Amino acid sequence: MSRIFTVAQSEFTTLVRTKAFIIGLLLMPVITAGAIGFQVYAQRHSDREDHALVVLDHTGALASALVESAAAFNAKNGDGDARTGPHFIVRTPEAGAMTAEGESAYKLQLSEEIRKKQLFAFVEIPAEVLDPAAEKLPQIRYYTETPSYDRLPNWLEQTLNESITKRRFDQAGVDQALVRKLSTRADVTTMGLLAKKADGTVDQAKKVDEIATFVAPFAVLFIMFLSVMSTAPQLLNAVIEEKMSRISEVLVASVSPFQLLMGKLLGVAAVSVLLAVVYFLGAGYYMIYAGRTELVQPALMGWFLLFLICCVLM
């Protein structure tokens with residue numbers, strides 16, 4: 001056992017004294033935060049184009065609601081350099097552009113405009129959508145050359161269904177304010193359990209903290225991932241380097257192959273534990289600074305180290 005610990009100590013000190021270990025220890029959180037920040041930035045700035053949409057409204061009552069909703073949507077996404085999303089440019093056919101005889105020809109014209117990138121899509125709203133007694137459920141048809149882009153059809157579906165529902169209630173003479181009151185959702189709040197104190201009183205249940213139940217376990221899992229992925233390749237590199245330089249043959253003359261590899265494995269496990277402890281101390285300091293001391297749980301850290309060591313050994 002002493003030889004195994006000697007190899008482990010040598011492997012541990014060799015790894016932690018390298019510049020790569022120090023740089024990786026400092027850069028890994030920075031790279032992770034940068035990757036998350038880039039994803040958020042890309043999500044907000046990747047789609048900043050104008051998408052022109054023509055509305056063929058056979059009801060004669062829903063196109064105006066789409067125009068108003070599109071104006072509010074565009075204003076929410078901002079303009080110029082502060083723009084964070086797409087703009088939907090909604091327009092209706094010109095007077096006399098679509099007749100019963102030339103409807104197919106007009107749809108073909110719109111399709112050609114889409115192919116030439118002059119238009120992004122057009123939508124056809126049948127007149128039966130406002131009739132709740134229609135025998136067959138009408139379908140709103142959305143025509144586009146980019147079916148994988150779902151932001152515009154999703155917005156269309158939500159906006160049109162809200163307008164259709166409002167129109168149907170108005171036709172039925174139902175008060176919209178009453179409808180909103182009757183259809184108010186009741187949220188479900190997750191609570192803990194009641195407990196009986198030593199003096200016989202009952203400690204009331206408290207609301208479950210989502211940070212403690214989801215964010216903290218996810219952060220612990222991510223720290224385990226960083227620790228394993230940062231140290232496991234170093235073990236592989238060390239073995240390859242010693243094999244190529246024939247140092248392993250000299251080492252095997254002093255220790256058995258089992259002692260050599262077990263010592264290396266324990267050394268790498270110790271490096272993983274050191275990385276995890278450093279990250280845990282940083283996270284614990286932030287939690288105490290933020291006033292969330294209840295999230296600092298020594299028992300959780302103990303279980304984490306146990307599972308981390310098992311993960312590295314596997």
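This report walks through selected features of a predicted model, taking in turn a cluster of aromatic rings, a pair of packed helices and several residues in loops.

**An aromatic cluster**

A search of the whole structure finds eight aromatic pairs. One of them is formed by F73 and W155, whose rings are tilted, with 6.1 Å from centre to centre and 50° between the planes. Because F73 lies in helix α3 while W155 belongs to helix α5 (residues 151-172), this pair ties together parts of the chain that are 82 residues apart in sequence. Both F73 and W155 are buried.

The ring of W155 also pairs with that of F88; here the centres are 5.2 Å apart and the planes stand at 50°, so this pair too counts as tilted. Distant parts of the chain are again linked, since F88 sits in strand β2 and W155 in helix α5, with their positions 67 residues apart in sequence. Like W155, F88 is buried. Through these ring pairs, F73, F88 and W155 are joined into a cluster.

The two pairs can be set out side by side.

| Ring pair | Centre to centre | Angle between planes |
|---|---|---|
| F73 and W155 | 6.1 Å | 50° |
| F88 and W155 | 5.2 Å | 50° |

**Helices α9 and α10**

Two packed helices are described by the angle between their axes and the distance between the axes. For helix α9 (residues 257-289) and helix α10 (residues 298-313), the axes come within 10 Å and cross at roughly 145°, and the crossing is right-handed. On the side of α9, the residues that take part are L265, V268, A269, S272, V273, A276, V277 and F280, and they meet M301, F304, L305, L308, I309, V312 and L313 of α10. Sorted by character, the residues of this contact comprise 14 nonpolar, one polar and no charged.

**E145 and K117**

E145 is found in the loop between β4 (141-144) and α5, where its relative accessible area of 41% means that the residue counts as partly exposed. When neighbours within four places in sequence are left aside, E145 is in contact with I114, R115, K117 and F120. With K117 there is also a polar contact between the two side chains, at 3.3 Å. By contrast with these contacts, E145 and E68, which are 77 residues apart in sequence, have their C-alpha atoms 25 Å apart in space.

K117 itself is placed in the loop between α4 (103-115) and β3 (121-125), and its relative accessibility of 64% is the reason why K117 counts as exposed. The backbone of K117 has a positive phi of about 65°, although the residue is not a glycine.

**R83 and S46**

Two further loop residues complete the picture. R83 is found in the loop between α3 (63-77) and β2 (87-91), and because its relative accessibility is 12%, R83 counts as buried. The side chain of R83 makes a polar contact, at 2.7 Å, with the side chain of D50.

S46, for its part, is located in the loop between α2 (19-45) and β1 (50-57), and with a relative accessible area of 59% S46 is exposed. The C-alpha atom of S46 is separated by 8.4 Å from that of T84, a residue 38 positions away along the chain.

Note on methods:
Residues are numbered from 1 along each chain as its sequence is written. This is a predicted model: local features need pLDDT of at least 70, side-chain atom pairs count only at pLDDT 80 or more; totals for chains, interfaces and linings use all residues. Side-chain values use heavy atoms; hydrogens and water are left out. Helices (H or I, at least four residues) and strands (E, at least two) are DSSP runs, numbered from the N terminus. Buried means under 20% relative accessible area, exposed over 50%, partly exposed in between (1.4 Å probe, protein chains only). A polar contact is a pair of N or O atoms within 3.5 Å; within protein, one must be able to donate a hydrogen and the other to accept it, and residues adjacent in sequence count only if both atoms are side-chain atoms. Axes are lines fitted to C-alpha atoms, for helices over the stretch in contact, and angles run from 0 to 180 degrees between N-to-C directions. A crossing is left-handed if the near helix is turned anticlockwise from the far one by less than a right angle, and right-handed if clockwise. Contact means heavy atoms within 4.5 Å. Ala, Val, Leu, Ile, Met, Phe, Trp, Tyr, Cys and Pro count as nonpolar, Asp, Glu, Lys and Arg as charged, and the others, Gly among them, as polar. Rings of Phe, Tyr and Trp (its six-membered ring) pair if their centres lie within 6.5 Å; planes under 30 degrees apart count as stacked, over 60 as edge-to-face and the rest as tilted.
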